[in-house]
Amino acid sequence: MSTALLAQIAASLVEGDPDATVAGVREAIAAGLEPLAIIDGALVVGMRTVGDKYASGEFFLPNLIVSANGMKQAMALLEPELKARRQSLKPVGTVVIGTVRGDIHEIGKSLVGTMLAANGFEVHDLGVDVPVDAFVSRVREAGANLVGLSALLTTTMHGQKDVIEALTKAGLRGQVKVMVGGAPVSRAWADGIGADGWAQDAVSAVDLATRLVAQS
Ligand code: B1M
């Protein structure tokens, strides 16, 4: 039953039916499915199919927008569930996260931020299309020990390098670790721009963040 329900949620995301996505997620929560299983087994699967269909020319921008909206509504239901499973008095670390300048892709970044919060991090989510200076000033104000930079476009990836350079210039690079991610971002790219780590997905981002703050 749970496999069928997860497949049904993924299909509703692909079909662009946010009401059905939300209803399916509610049903899955009520059935006792773990939030992470719903995210990984249905929402990420559905968004991946949407991406493939867009890449092959079967889907167009409006399809992406409707599916992204369904994903966002589903995540709003799952975030409190994730947080409720993790109650930490002292944050594991303080992270400033955002999607870099010129890039409005929100879902992956928000998923990483939600997972970090659910795992005990204090998360300052700056949103999307974040100017370089906004990262720098929030790191300073929050006394963050980690920065997370998301980029989904090959044309915006260099924004990650710009933030690292700006942190160095501001004299903050010694106090913060930098992790990068997003579909076009690779380990080689992360090494090349002087980031401290790269994560392929939200689950490995939590592992990486935990290791990085332990070193800081
Ligand atoms: Co756009 N888009 N998009 N898009 N979009 C992509 C990224 C694209 C690959 C689609 C394609 O052509 N196949 C392509 C980029 C090509 C490239 O540069 N290599 C593309 C393009 C071209 C564009 C526009 C230029 C289209 C246009 O206008 N002609 C435009 C750009 C706008 C801009 O940013 N300036 C655009 C717009 C949009 C929408 C607004 C319609 C919408 C975003 C809505 C929103 O976010 N609110 C959208 C969407 C939905 C996508 C796809 C289909 C799905 C992205 C997504 O949400 N995936 C995407 C295709 C794809 O990726 N296959 C595509 C689900 C999400 C869970 O995965 O974001 O990869 P992802 O995040 C993962 C990992 O990457 C990682 O963990 C996450 C969770 O597992 N991760 C991190 C992400 N950030 C991390 C940070 C970390 C660590 C891990 O540490 C800090």
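**Exercise 1. The surroundings of R138**

R138 has a relative accessibility of 29%; assign R138 to an exposure class and describe the salt bridge between R138 and E141.

*Solution.* The structure is a predicted model, in which local features require pLDDT of at least 70 and side-chain atom pairs pLDDT 80 or more, whereas totals for chains, interfaces and linings use all residues. Residues are numbered from 1 along each chain as its sequence is written, and side-chain values use heavy atoms, with hydrogens and water left out.

Step 1. The classes are buried (under 20% relative accessible area), exposed (over 50%) and partly exposed (in between), with a 1.4 Å probe and protein chains only. At 29%, R138 is therefore partly exposed.

Step 2. A salt bridge requires a side-chain nitrogen of Lys or Arg within 4 Å of a carboxyl oxygen of Asp or Glu. R138 and E141 form such a pair, at 3.8 Å from N to O.

Step 3. Both residues belong to helix 6 (residues 132-142), where three residues, about one turn of the helix, separate them. Helices (H or I, at least four residues) and strands (E, at least two) are DSSP runs, numbered from the N terminus. E141, at 63% relative accessibility, is exposed.

**Exercise 2. From H124 to strand 1**

Where is H124 found, and which side chains does H124 join in polar contacts?

*Solution.* Step 1. H124 is in strand 2 (residues 122-125) and is buried, its relative accessible area being 17%.

Step 2. A polar contact is a pair of N or O atoms within 3.5 Å; within protein, one must be able to donate a hydrogen and the other to accept it, and residues adjacent in sequence count only if both atoms are side-chain atoms. The H124 side chain makes one such contact with E122 at 2.8 Å and another with R138 at 3.2 Å.

Step 3. Contact means heavy atoms within 4.5 Å. Not counting residues up to four places away in sequence, H124 touches T94, V95, V96, I97, R138 and A142.

Step 4. V95 lies in strand 1 and is buried, with 0% relative accessible area. Beyond four places in sequence, the contacts of V95 include L116, F121, V123, H124 and L146. V95 and V147 are 52 residues apart in sequence, yet their C-alpha atoms are 5.4 Å apart.

**Exercise 3. A salt bridge within helix 7**

Which residue forms a salt bridge with K161, and how many residues apart are the partners?

*Solution.* Step 1. The partner of K161 is E165, with the closest N and O atoms 3.2 Å apart.

Step 2. The two residues are four apart in helix 7 (residues 158-169), about one turn of the helix.

Step 3. K161 is partly exposed at 34% relative accessible area, and E165 is partly exposed at 42%.

**Exercise 4. The interface of the two domains**

Describe the interface of domain 1 and domain 2 by its area, its salt bridge and the elements on the side of domain 1.

*Solution.* Step 1. The domain assignment, automatic or from a database, gives domain 1 (2-84) and domain 2 (94-215). Their centres, taken over C-alpha atoms, are 25 Å apart. Twelve residues of domain 1 and eight residues of domain 2 take part in the contact.

Step 2. Buried area is the accessible area (1.4 Å probe) that two parts lose on being put together, summed over both. Here about 790 Å² is buried, and carbon and sulfur atoms give 83% of this area.

Step 3. One salt bridge crosses the interface, and two residue pairs, both at pLDDT 80 or more, are in polar contact between the domains.

Step 4. On the side of domain 1, helix 3 (35-55) and helix 4 (61-84) are the elements that give two or more residues. Helix 4 supplies the largest share, seven residues. By residue type, this side divides into eight nonpolar (Ala, Val, Leu, Ile, Met, Phe, Trp, Tyr, Cys and Pro), no polar and four charged (Asp, Glu, Lys and Arg), with the others, Gly among them, counting as polar.

**Exercise 5. The pair E106 and K72**

Explain which parts the salt bridge of E106 and K72 ties together.

*Solution.* Step 1. The closest N and O atoms of E106 and K72 are 3.5 Å apart.

Step 2. The salt-bridge rule gives a count of seven. In this pair, E106 lies in the loop between strand 1 (94-99) and helix 5 (107-118) and K72 in helix 4, so the pair ties together parts that are 34 residues apart in sequence.

Step 3. E106 is partly exposed at 30% relative accessible area, and K72 is partly exposed at 48%.
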